[in-house]
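Please walk through the model shown here, beginning with one residue in its interior and working outward to the fold and to the ligands.

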Amino acid sequence: MAVDLQQRQQHWQQLIDQLRGEWARLPETERDWLRCQSQAIAVLQHQLYALFLAADGPARCQACAGSCCDSGHNHLTLINAVAALQAAALPEADFQRPCPFIGPAGCLLAVDWRPFNCIIFLCEPIEQALPPRQLRHFYQLEGALRDLYLQVEQRYQGGSRQGLLIGGGQHGRALLQRR
Ligand code: SF4
Ligand code: SF4
């Protein structure tokens, strides 16, 4: 494995270990807030995903071999990782893949904790496949979802919507520390 990929893999593992440790020490009030927030996020993400299905998204993505996921290695955010860890369902990240969470049949992450940048992305063919009313609904949902992620970003040091690797998890920073 090339050195920078190896470093990214190690950094990711350190961040996840750190997050597990911080969660174990977190007050129950903060855990409750994070659980509620991740549930609210999951509800909106499923509504967005339903529109993606309505536009025949999976077949289109299969036909183009998931090309927009080719540089997706930085998207998973704090709240996505917290939700996946709580469900004991965070897939192993493999940084040798174009995105560490892409599998043979597409994204390995459940819709509930798929990253914000991924769940709101509509490429042109998919956008054009949605009737105007559904497209408007999609962007309304996106706005509401953005607000929920923003609340996480404003509350926690590691909560950046840019993802744990870019914005959230700088070395030495406590991820679940309140701002
Ligand atoms: S969202 Fe569009 S660009 Fe991305 S994999 Fe699907 S069809 Fe391809
Ligand atoms: S997290 Fe999933 S949807 Fe996002 S870039 Fe990676 S494989 Fe694609």
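Setting aside its neighbours within four places in sequence, L145 is in contact with I41, L44, Q45, L48, F116 and I120. This is a predicted model, and the contacts and distances described here are computed from it. L145 is one of the buried residues of helix α7, a group that also includes F138, L141, Y149, V152 and E153.

Helix α7 itself covers residues 132-155, and because a helix is expected to advance 1.5 Å a residue, its 24 residues should span 34 Å; the C-alpha atoms at its two ends lie 35 Å apart, which agrees with that expectation. An α-helix has 3.6 residues a turn, so residues three or four places apart point the same way. The buried residues of α7 pack against α2 (28-54), α4 (78-86) and α5 (116-119).

Helix α2, on which several of these contacts converge, has 27 residues and reaches 39 Å from its first C-alpha to its last, close to the 39 Å expected at 1.5 Å a residue. Its buried residues are L34, S38, I41, L44, Q45, L48 and F52, and what covers them includes α3, α4, α5, α6 (124-129) and α7. Just after α2, D56 takes a positive phi of about 65 degrees.

The largest nonpolar core has 36 residues, and those with the most contacts inside it are L48, L78, I79, A81 and L145. At least two residues of this core are supplied by each of α1 (3-24), α2, α4, α5, α7 and α8 (164-168), while the largest share, six residues, comes from α4.

Seen as a whole, the chain has eight helices and two strands, and from the N terminus on its elements run α-α-α-α-β-β-α-α-α-α. The radius of gyration of the chain is 16 Å, close to the 16 Å that the globule rule gives for 179 residues, so the chain is as compact as a globular protein of that length. Along its principal axes the C-alpha trace spans about 45 × 40 × 25 Å, and 29% of the 179 residues count as buried. Among contacts with a separation of 6 or more, 73% are accounted for by residues 24 or more positions apart.

The remaining topic is the ligands and the residues around them. Ligand 1 is surrounded by R60, C61, C64, G66, S67, C68, C123 and I126, a shell that divides into five nonpolar, two polar and one charged residues. Within this shell, C61 has its place in helix α3 (residues 57-63). C61 counts as partly exposed because it has 18 C-beta neighbours inside 10 Å, where 20 or more would make a residue buried. Not counting residues up to four places away in sequence, C61 touches G66 and G106. C61 and I16, by comparison, are 45 residues apart in sequence and 29 Å apart in space, C-alpha to C-alpha.

Around ligand 2 lie C69, G72, H75, C99, F101, I102, C107, L109, R114, P115 and C118. By class, this second shell has eight nonpolar, two polar and one charged residues.

Conventions:
Residues are numbered from 1 along each chain as its sequence is written. Chains are lettered from A and ligands numbered from 1 in the order in which they are written. This is a predicted model: local features need pLDDT of at least 70, side-chain atom pairs count only at pLDDT 80 or more; totals for chains, interfaces and linings use all residues. Helices (H or I, at least four residues) and strands (E, at least two) are DSSP runs, numbered from the N terminus. The radius of gyration is taken over C-alpha atoms; the globule rule is 2.2 Å times the number of residues to the power 0.38. A residue is buried if 20 or more other C-beta atoms lie within 10 Å of its own, exposed if 12 or fewer, and partly exposed in between; C-beta atoms are placed from the backbone. Two residues are in contact if their C-beta atoms, placed from the backbone, lie within 7 Å. A residue is near a molecule or strand if its C-beta atom, placed from the backbone, lies within 6 Å of it. Ala, Val, Leu, Ile, Met, Phe, Trp, Tyr, Cys and Pro count as nonpolar, Asp, Glu, Lys and Arg as charged, and the others, Gly among them, as polar. The expected span of a helix is 1.5 Å times one less than its number of residues. A nonpolar core is a set of buried Ala, Val, Leu, Ile, Met, Phe, Trp, Tyr and Cys residues joined through C-beta atoms within 7 Å.
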